[in-house]
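This report describes selected features of a predicted model. The sequence and structure are shown first, followed by the findings under short headings.

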Amino acid sequence: MIRRGYLTSTATAALMLGAAGVMPAAAETVVTMNTVQIFGTIDPAKISDYTDYMAAVNLYDGLVSVDEKGNLIPELAESWTVSDDAREVTFKLRADAKFADGSPVQASDVVYTVERLLRINQGPANLFADVLKPGSVTAVDVGTVKFTLSKTFSPFLTTVPAILILNEKAVKPHEGSDDGQAWLATNVAGAGAYSLKSWDRGAQMTIVRNKDYYKGFAEGPIDEVRWIVTNDEATVRSLAASGELTMTSQYQSPETYKALVDMGRFNLVAEDTSTAFYLKLNTKVAPTDDVHIRRAIALATDYATVREVIFPGGVLSTPLPKAFADFHADDIPEPTYDLEAAKAEVAKSKYAGAPIPITLGYVAGTKFEEEISLLMQANLEQIGFQVTQQSDPWNRITELATKVETTPAVSQIFYGPTYPSPDSMFFSQYHSKAAGTWMSMEWLQNPDIDKLIDDARGTGDVKKQAEIYRDLQHKLVEIQPDVFLLTQTVQHAMDKCLTGFKAVPMQSFDYDFTRYSWTCK
């Protein structure tokens, strides 16, 4: 919804204000967008999924950010230098950088943020496992901060945008016995362009523009952003028809996008992304603990119908989207749909000769995921499976993912890079140190895979790194911990007056609303 000039709703009111010598308040631009899942947390040390990051990138700033091409761009830091051995990175802060309360951002705030992140050891902390340790980040002076890495970590700079900086002085009085987690669960202590206005966890979140934001705003800034939590297609269409909705989520059905475009007020904005959509296969529970069953499920997947009818997207032939062109194993063919070959794989498995129970999990209320799950059921039942459908809300899915025995045999999961490096696609999903999160519902825990990921992280030789990543893709395709459904073509129905959406290869950084403008007067 766009609310503009709300104090001057009639000509009479305007004349009265003018006669009294009082000018009306400046019009405000309010953007209302739906999301299909709740905001789990706004604590920068705990954020992990797309809604968490969507809120956080507006409420907090990092030392650097990322543009649509994956390039690092300055934010709180105006510049940075890297030592010859790539083990020290030094950031120079902007002299005018300040938090929302007006206090200056200092090197000590960066040190405090990283130390707290490492202590809590959730959210982005796994990016820095064995790379940063307590004491690794030091204040050189009030405006300079140095990171000293425990070992060579080639993607380090690309992970820095995930470190969102806290105002130490604002958090300290509320630390209590949990490092301020209770307080930061509902309060913000950042330098972001927006402040939290209201939040009902299951229903909505509203943020408002900090007009004194140190970086300023472009023409046509968005004054307020309202997120409404709903994955019901009829509700989304109703919100659009009433004039309240400005922008849809990226997870609507093709029918909803068409309905909104047909209203005449919306454009359909679409861009290819580096986000992948998988069927994650739990390699530690029956029957997906058998590689032949995993291969059978992959062969029983009707990729064309999923990509072309149910949820438009591009071909995904390995765990790594082709957007990472320099590292992609192009010699791996795209997956095929072949029920006869799937039957042959079942026959090779230890479960052959009897009906095979299997649970297919997906996000409750998400129409296209339900359709995919029903399509999978129809195909799998033709080759000897007894299918149980399991739909859960997203917060329940994240809970189930923390234990191998509660993680479904098959789960539908979108995952995109949380930093613009192939490492983001491999470490968070397949390394043993990442097990127990919604990103790693495969429970792979394979020492050979771990070693390849670690080897790629430990070399600064890009050519060698590319060779390792291609080898890694071949091994992952061979052991089939996932079904590679598609790469997401992100789509939004957006009010024709709203501009600025560009897909960014880092989770939800494309929903930083300082990048958007309202173009209508």
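## A buried glutamine

Q488 has a relative accessible area of 4%, and is therefore buried, as this value falls under the 20% limit. The residue belongs to strand β16, which spans residues 482–495.

Leaving aside residues up to four places away in sequence, Q488 is in contact with Q250, Y251, E271, D272, T273, T275, F311 and F414.

## Nonpolar cores

In soluble globular proteins, nonpolar side chains tend to be buried together. In this predicted model, the largest nonpolar core holds 146 residues, and those touching the most other members are F147, F156, I297, F385 and F513. Helix α3 supplies the largest share of this core, with 8 residues.

The contacts of F513, not counting residues up to four places away in sequence, are V31, M33, N58, Y194, I222, V225, W227 and M247. A second core, separate from the largest one, has 9 residues, including I228, L260, F266 and A493.

## A four-stranded sheet and helix α3

Four strands form an open sheet in the order β4-β5-β7-β6, and their pairing is antiparallel. Strands β4 (77–82) and β6 (137–141) occupy the edges; each has a single partner strand, so one side of each lacks a neighbour in the sheet. From one strand to the next, the twist averages 25 degrees.

Strand β4 and strand β5 (residues 88–93) run antiparallel and are joined by 5 bridges. Within this pair, V82 stands opposite V89 of β5. Helix α3 (residues 107–120) packs on the sheet, where it touches β5, β6 and β7 (144–148). The direction of α3 makes about 175 degrees with that of β6.

## The two sides of helix α11

Helix α11 comprises residues 339–348, and its buried residues are L339, A342, E345 and V346. These four lie on the same side of α11 because they cover an arc of only 110 degrees around the axis. On the other side of α11, the residues E340, A347 and K348 are exposed.

The buried residues of α11 are covered by elements that include helices α9 (291–299) and α12 (367–381) as well as strands β13 (356–363) and β14 (385–392). At the N-terminal end of α11, D338 acts as a cap: one of its side-chain oxygens lies 3.2 Å from the backbone nitrogen of E340.

Terms used:
Residues are numbered from 1 along each chain as its sequence is written. This is a predicted model: local features need pLDDT of at least 70, side-chain atom pairs count only at pLDDT 80 or more; totals for chains, interfaces and linings use all residues. Side-chain values use heavy atoms; hydrogens and water are left out. Buried means under 20% relative accessible area, exposed over 50%, partly exposed in between (1.4 Å probe, protein chains only). The arc is that of the directions from the helix axis to the C-beta atoms. Contact means heavy atoms within 4.5 Å. A polar contact is a pair of N or O atoms within 3.5 Å; within protein, one must be able to donate a hydrogen and the other to accept it, and residues adjacent in sequence count only if both atoms are side-chain atoms. Two strands pair if DSSP finds at least two bridges between them. Axes are lines fitted to C-alpha atoms, for helices over the stretch in contact, and angles run from 0 to 180 degrees between N-to-C directions. A nonpolar core is a set of buried Ala, Val, Leu, Ile, Met, Phe, Trp, Tyr and Cys residues joined through side-chain atoms within 4.5 Å.
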